[in-house]
Every structure is written in C-alpha cells, then in structure tokens.
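Biologist: Could you walk me through this model and give the reasoning behind each label you use?
Modeller: Gladly, take a look and ask away.

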Amino acid sequence: MNLHKIKISINQAIVLMIVFLCLITTLIQGTFLSIAIPENVILIVGTLTVLGVWFFIWYCYKKDKLTEEKVVFAIIFSGMLFHCCYVLLSGIHDRQHDEGTYTGIATDQINIGHLGYIEYIYKFRKLPDMNPYEIFSYYHPPLHHIISGLWLLLLTSLGMAEDLAFENLQVLPLLYSGLLMLLTYWIMKKTGAKGKAIYAGLFLVTMHPALTLMSGSINNDMLANLLLVCCMFFALCFIQERSFKNLLWIALSIGFGMLSKLNVAVIAFPIGLVFLMDFVEKIRSKDKKVIFRCIRNYILFGLISGMIGLAWIGRNLIRFHVKPGVPVPGEDSVLYTGDYSLWETLGIPSLGDWHFEFPFHVLSGKVIHNTWVIMFQTSLFGEEYPAGIGGIPLMLCQAAYVMAILAAVCSAVVFCITQYQKSKLGGQKNVYEAVFFFTGYWIFLASFIAFILKYPYTCSSDFRYIVICLVYMAVGLADSVRMVPEKTKVAAVFRAIRILVCVTMVLMAVIYVACPWWGSMMT
C-alpha cells in the first residue's frame, strides 16, 4: 500500500482528532496518570499545543499556503483541546447540575440524581422499575443514561476501576461537544458560507464557556443539544433536497433527541413550518402523485418521530399513570422568583441590576431575579460564586461580562438582519432557510420564557437551557460576510462585531486557564 496516496477529507480528519482526544482523556482519567500529572502541567501542555497550532496557521498565512480547511481544523482542535483540559481538571461533582451520588455495583442501594440514574442502569441492567418521580432526576428520558450505563459496563469490563470509570462519564459529553462543533461547521457550509465567513461563528461555538462547562457535565444537556444541531443540519439537507432520506434523518434526530430531553421537541415548530411551506408548494403543483407521496412521507415522519420521541412519556403513562413535568423546590425555596413582577423578571434590567461589580450567579432570587442577568452570568461562569475573588482576576471577569453582553446583543441583531436580507435575495432555498432559522431562534427564546414563567426559580434562567442559540448566532455571523457589500459601513460594523466575539472568547479562555479562583474551584 502506498501511504503517500492516502488522503482524508477535513471532516474525516476532524472526526479522527475528536475521537483521539477523547481516548487520550479516557486513558489519563482511567489510569494512575490522573494523579501523577499535576494540574499545571496539563494547562501548560494544552496551552503550548494550542499556541503551536496557531503559530503554524500564522506560518501558512505568511507563506500564502493558508486554506479554509487548515483554519477550521485549528479552531475545532483548539476548542476540543480546551474541553479536554477542562474535563481532566474537573471531577464529576464539580460545577454539575443535579448530579446526585453513586455507591457502586457492590451495593443494592438506589441513589438520586443523574449519577444514581446512570448507576441504576449500570448496576441492574434495566430501566428504573418505579415511578420516575419518586427519585430525583429519574423523570428525565433515558437515552443519555442508557449510553452512559453501557459506557460504564465497557470500561469496567476492560479492567478499569469503578471510581475511575464513573469519572470517565465526562468523556461522553466531551465527545458530543466535539461533534457539535463539527456539525456547526457543516451547517454553515450548507448555508453557503466559506472562508472567513465561517471563522467567527465557529470560534463562538468552539470556545464559548457554556459549552466548555457542558462538555464536562454528566447530565443529558450535551447530548440533547447535539441532537438538536443534528435536526438543524438535516432540516437544511431537506430544504436543499426534498428526499424521504432527509425526512427520515430529521425524524430520528427529533425522536432520539426527545429521548434525551423533552425540550428538543421545540425544534419541531420551525421544521413543521418548512414542511407546511413544502406541502403548499406541492398542492399548487396540482400533481396528485406528488401530493399523495408528500402526505405519505409526512405521515411516516410523524409516526417515526412520535413513536421514538414519546416512548418514555407513553411508558410512564401506561405503567405509572404520571404525566410529564419537572419537580420544583417550592415557594419557600431561596431560588423562588414568583413574588416579583413580570417586568422585574423579564424586563430590561437597570444598570444596578446587572451587577457589573461582581458578575457571578448568587442563586438567591431576592438578590438577582432578572432572567437576562442570570442568563448572562451563567453563560460565562455557570452557577458558581467565587466569594474570595479580587484584583486582576475580578477585573478580567468584569471586562469579559461586559464584552459578552455587547457581543451577544450585537450578534442577535446581526442574526435577525442577515436572515431578513437572506429572505430578500430570492430563490426558494434562501427563503426556506431564512424562515427556518429566524422562526427557530425566536421560538426557542419564547419557549425559554414560557419555561421561566411556569417554573419561576433562578435555576430556570440558566443559560444551558438556551445554549442552542449559539448555533443560530454562529449562522448569523457567517451570513454577515456575504449578506452586505464589502467596503461599506454596514460591512465594517459587522466585521467589528465578529472581532468582538472572537476577542471575548479569547479573554474567557484566558480567565478559565489563568485565574486563581477558577483553578481553586477545579481542585
């Protein structure tokens, strides 16, 4: 075999890189190396590796050998390596949500939280055989927990110690985060973006701290968001090619997404609007065979996505006579915000409400109860409260907080403008894409607000519930290059916004790596 003739595509190279880094992370966490390698060494090696990659990109630029593929690989590699470092430096009880506990296969004890849910499947080789609302976190659909349980079985069967195998539950969300980066790149390519149009949007998704935090979580958020992005990608494929194959991929993505987390169902609204536009087009053709085939395909789509996505709800209704919902802490909880007016929770915050002096989530609804303030705070720093932070680290966090708010607001405006401009370009593809993205973005925001109104607690305003909007903003940043003529004032403003987004992400990376308060929370 002539190895010099073997060539792999950029997509294959990225997939191999993601899998390789996940395997390396598994080996380090699953052996004595997790104890033997100091945290500073991991950070220094990771930082030097990223700097080396970008030095190579700079060298290629100077030699006029820089290509889109090289830059894309460098961006995704940097984001993936950053996520790997985060996973290696964070345990399964660090900055988690409802993680609960586990006691191992040697006991028959049933434990709470996502860890307990995963442990149940790993320990007893079956789904929980009780009302899912009797034990905390068991009400979630089981796909993520089944995959995690099988992962534990694989690792322990290969000889890994049980505690280390549980620690490696973080590798699955790490893998999902890498695949989400790749799918975001595919989505931008599907919209026609290329070259520099891709970089800022991809940089936003690969380096955003919210996705970094989720890459090390052991709950179902990362898998649900990966399957949401799959829905978006296959919807674009359907817009470009109205085949049953693409319809089937959408149905599977929605179905399995709802088996990960029920809020994935929200994506059905913009997708359904695309289907409606397609059906109206078919009716106007007055071709009975085409209309009949369209109806048949949509019925099959509904059956496939419905049977998979509603399987968990149906099981619980039949076996335990319980309807889907979310257990809540109660009105006496420190998290409760129901005593405040609609404007106080969802209105535009005053300057004092933003808490620029200390941009961290304090949990208490009496201290901070405005949704947008909590959303921005948790988007950057999670639900952490580093009370002892001060000096330069605090100043960097304050600067990043202000920059992130400006970047997010500007990116949202750019997204809306570019989708409007796309709809005016003419052509069926452009109109369908603009409708799909624009309605999807606002429907997710509307569902987020509805969730907060139904469950008025500070934890309901966490950015992780709306993190999918980063992909929409990435599309807007990519479209901003080609939707306005070059060398105009609007193009210059859009360019400045893209630079602001990239600089903000770099600053957040510096904070996560260098700030003492972050390092202290990792130990």
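**Labels and their reasons**

Modeller: Let me start with histidine 355, which counts as buried at 18% relative accessibility. Please keep in mind that this is a predicted model.

Biologist: Why is histidine 355 called buried at 18% relative accessibility?
Modeller: Buried means under 20% relative accessible area. Histidine 355 has 18%, so the label buried applies.

Biologist: What is the phi of histidine 355, and where is this residue found?
Modeller: Histidine 355 has a positive phi of about 55° although it is not a glycine. Histidine 355 sits in the loop between helix H17 (351-354) and H18. Most residues other than glycine have a negative phi.

Biologist: Which label, buried or exposed, goes to lysine 487?
Modeller: Exposed means over 50%, and lysine 487 has a relative accessible area of 80%, so it is exposed. Its phi is positive too, about 60°, although lysine 487 is not a glycine. You will find lysine 487 in the loop between helix H21 (469-482) and helix H22 (489-514).

Biologist: How do you know that helix H18 is largely enclosed by the rest of the structure?
Modeller: Of the 11 residues of helix H18 (residues 371-381), 11 are buried, so the rest of the structure largely encloses this helix. Among the buried residues in H18 are Trp372, Ile374, Phe376 and Phe381.

Biologist: What makes asparagine 370 a cap of H18?
Modeller: A side-chain oxygen of asparagine 370 lies 3.0 Å from the backbone nitrogen of tryptophan 372, at the N-terminal end of H18. A polar contact asks for N or O atoms within 3.5 Å, and the 3.0 Å separation from asparagine 370 to tryptophan 372 satisfies that. Just after H18, glycine 382 takes a positive phi of about 65°.

Biologist: What makes arginine 464 and aspartate 221 a salt bridge?
Modeller: The cut-off is a side-chain nitrogen of Lys or Arg within 4 Å of a carboxyl oxygen of Asp or Glu. In the salt bridge of arginine 464 with aspartate 221, the closest N and O atoms are 2.6 Å apart. Arginine 464 lies in the loop between helix H20 (428-454) and H21, and aspartate 221 in helix H11 (residues 221-240), so the pair ties together parts that are 243 residues apart in sequence. Arginine 464 and aspartate 221 are both buried.

Biologist: How many salt bridges does this rule give?
Modeller: The count comes to 12 salt bridges. One of them joins lysine 189 to glutamate 68, with the closest N and O atoms 3.0 Å apart. This pair links distant parts of the chain, with lysine 189 in helix H8 and glutamate 68 in helix H4 (residues 68-89), 121 residues apart.

Biologist: Why is lysine 189 called partly exposed?
Modeller: Partly exposed falls between the 20% and 50% limits. Lysine 189, at 34% relative accessibility, therefore counts as partly exposed. Glutamate 68 has a relative accessible area of 14%, so this partner is buried.

Biologist: Where do glutamate 433 and lysine 429 lie?
Modeller: Both lie in helix H20, 4 residues apart, about one turn of the helix. Their salt bridge has its closest N and O atoms 2.8 Å apart. Glutamate 433 is at 0% relative accessibility and so counts as buried, whereas lysine 429 has 30% and is therefore partly exposed. Salt bridges that share partners join Lys422, Lys429, Glu433, Asp479 and Arg482 into one network.

Biologist: What makes up the nonpolar surface patch of about 600 Å²?
Modeller: Phe244, Leu248, Ile295, Ile299, Leu300, Leu303 and Met307 make this patch. Helix H12 (244-258) and helix H14 (288-309) each supply at least two of its residues, and the largest share, 5 residues, comes from H14.

Biologist: How do you know that phenylalanine 244 can belong to a patch, given its 32% relative accessible area?
Modeller: Patch residues need over 30% relative accessible area. Phenylalanine 244, in helix H12, has 32%, so it passes that cut-off and is partly exposed.

Biologist: And why is threonine 184 called buried at 1% relative accessibility?
Modeller: Its 1% is under the 20% limit, so threonine 184 counts as buried. Threonine 184 is in helix H8 (residues 171-190). Leaving aside residues up to four places away in sequence, threonine 184 touches Val205, Val229, Val471 and Ala474.

Key. Residues numbered from 1 in each chain as written. Predicted model: local features only at pLDDT ≥ 70, side-chain atom pairs only at ≥ 80, totals over all residues. Heavy atoms only, no water. Patch = residues over 30% accessible without salt bridge, like charges linked within 9 Å, V, L, I, M, F, W, Y side chains within 5 Å. Areas by Shrake-Rupley, 256 points an atom, 1.4 Å probe, with all protein chains shown as cover. Buried < 20%, exposed > 50% of the residue type's maximum accessible area, 1.4 Å probe, protein only. Polar contact = N/O pair within 3.5 Å; in protein donor to acceptor, adjacent residues only side chain to side chain. Contact = heavy atoms within 4.5 Å.
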